[in-house]
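Let's take a walk through a protein model together. Have a look at the sequence and the structure first, and then we'll go through it piece by piece.

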Amino acid sequence: FCGKALPKGKKLRSMLGREIVYIPQNGHEFLDPSRSIRRQMFDSIAKLGIAAPLREAFSREKLTQVGFTQPEAFQLSGGMAQRVTIALALCSQAKLLIADEPTNGLDQDSKQQTLSLLNDLFPDAAKLVITHDISVAATCGRILVLCGSSALVLAAPRHPCTQALLGALVENGMQETPALRTETGACPFYRRCPAAFGRCRAEIPRRTQGDREWWCCK
């Protein structure tokens, strides 16, 4: 989907869950507690056109791929529920993978394992990772906080909010991130930005430097 607009209407709806798949930040909230994992897996597998007698083996294979050694008997912790959502995403023909805070609440080693797992299991899918964790963003090829290459954004951030996120990293002294304001502004970062002032409530000017662009009053 890189370089093209997403389809709309019926075409887009038909692709959701089949070619466009979503991995949430909270597996427990995403999974339906009234239905078994087996049934939820079977529903996803059915969209692939796999015959009913083969669905049991297919679901076991996908659960094994995400780390379940005994997929027929387990109780879900938070991390395990997240892995089930990844297994559900595997029951697709994913061309676009949308991962919403996939490393939320994980330590650094577990973060790297999760990101590596997504890359290994979906080698041919475009990936959109939504994250507040700048160390996760640094593993991506493009960053959308400020439109530009990851290297430029991380080496010379222009927006004060991005600068604050970088300052919160351990290697940069774990500077305190700004507290959320109660009021909102024209700039989507107004509530969090440490440099926000009155003008930011009314406008968000576009700024450019070479081939880089960003939106900020500063």
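## How H3 meets H5

Helix H3 passes helix H5 in a right-handed crossing. Keep in mind as you look that this is a predicted model. The axes of H3 and H5 are 9 Å apart, and the two helices pack at an angle of about 25°. Angles under 35 degrees count as roughly parallel, so H3 and H5 are roughly parallel to each other.

Which residues do the touching? On the H3 side you'll find Ile37, Gln40, Met41 and Ser44, and these meet Val84, Ala87 and Leu88 in H5. Sort the contact by class and you get five nonpolar residues, two polar ones and no charged ones.

## What H3 tucks away

Which residues of H3 are buried? They are Ile37, Gln40, Met41, Phe42, Ser44 and Ile45. The buried residues of this helix pack against H4 and H5.

Alanine 46 also has its place in helix H3. This alanine counts as partly exposed, because its relative accessibility is 33% and the partly exposed class runs between 20% and 50%. Alanine 46 and cysteine 91 are 45 residues apart in sequence, yet their C-alpha atoms are 8.8 Å apart in space.

## How H4 meets H5

Now turn to H4 and its meeting with H5. The axes of these two helices come within 9 Å and cross at roughly 130°. That angle falls outside the ranges for roughly parallel, roughly antiparallel and roughly perpendicular, so H4 and H5 are oblique to each other. H4 passes H5 in a right-handed crossing.

The contact is built from Lys62, Leu63 and Gln65 on H4, together with Val84, Ala87 and Leu90 on H5. By class, that makes four nonpolar residues, one polar and one charged.

## A buried lysine

Let's stay with H4 for a moment, since lysine 62 lies in this helix. Is lysine 62 buried or exposed? Its relative accessible area is 11%, and the cut-off for buried is under 20%, so lysine 62 counts as buried. Leaving out residues up to four places away in sequence, lysine 62 touches Met41, Ala87, Leu90 and Cys91.

## The nonpolar cores

Next, the inside of the protein. The largest nonpolar core has 28 residues, and Val66, Ile86 and Phe122 are those with the most contacts inside it. Which elements give two or more residues to this core? They are strand E1 (20-23), helix H3 (37-46), helix H4 (52-65), helix H5 (78-90), strand E2 (96-100) and helix H6 (108-121). H5 gives the most, with seven residues.

Try clicking on isoleucine 86. Not counting residues up to four places away in sequence, isoleucine 86 touches Ile23, Val66, Leu117, Leu118, Leu121 and Phe122. There is also a second, separate core of seven residues, which includes Cys187, Cys193, Ala196 and Cys200.

## Glycine 27 and its neighbours

Glycine 27 lies in helix H2, which covers residues 27-30. With a relative accessible area of 3%, glycine 27 is buried. What does glycine 27 touch, not counting residues up to four places away in sequence? The answer is Ala81, Gln82 and Thr85.

Another pair to find is glycine 27 and serine 77. These two are 50 residues apart along the chain, while their C-alpha atoms are separated by 9.4 Å.

## An unusual phi

Most residues other than glycine have a negative phi. Glutamate 101 is not a glycine, but its phi is positive, at about 45°. Where is glutamate 101? This residue lies in the loop between E2 and H6. Glutamate 101 is buried too, with a relative accessible area of 9%.

## The whole chain

Finally, zoom out. The protein chain has nine helices and seven strands. Of its 218 residues, 37% count as buried.

How do contacts spread along the sequence? Take the contacts between residues at least 6 apart in sequence: 49% of them join residues at least 24 apart.

Methods
Residues are numbered from 1 along each chain as its sequence is written. This is a predicted model: local features need pLDDT of at least 70, side-chain atom pairs count only at pLDDT 80 or more; totals for chains, interfaces and linings use all residues. Side-chain values use heavy atoms; hydrogens and water are left out. A nonpolar core is a set of buried Ala, Val, Leu, Ile, Met, Phe, Trp, Tyr and Cys residues joined through side-chain atoms within 4.5 Å. Buried means under 20% relative accessible area, exposed over 50%, partly exposed in between (1.4 Å probe, protein chains only). Helices (H or I, at least four residues) and strands (E, at least two) are DSSP runs, numbered from the N terminus. Contact means heavy atoms within 4.5 Å. Axes are lines fitted to C-alpha atoms, for helices over the stretch in contact, and angles run from 0 to 180 degrees between N-to-C directions. Angles under 35 degrees count as roughly parallel, over 145 as roughly antiparallel, 65 to 115 as roughly perpendicular and the rest as oblique. A crossing is left-handed if the near helix is turned anticlockwise from the far one by less than a right angle, and right-handed if clockwise. Ala, Val, Leu, Ile, Met, Phe, Trp, Tyr, Cys and Pro count as nonpolar, Asp, Glu, Lys and Arg as charged, and the others, Gly among them, as polar.
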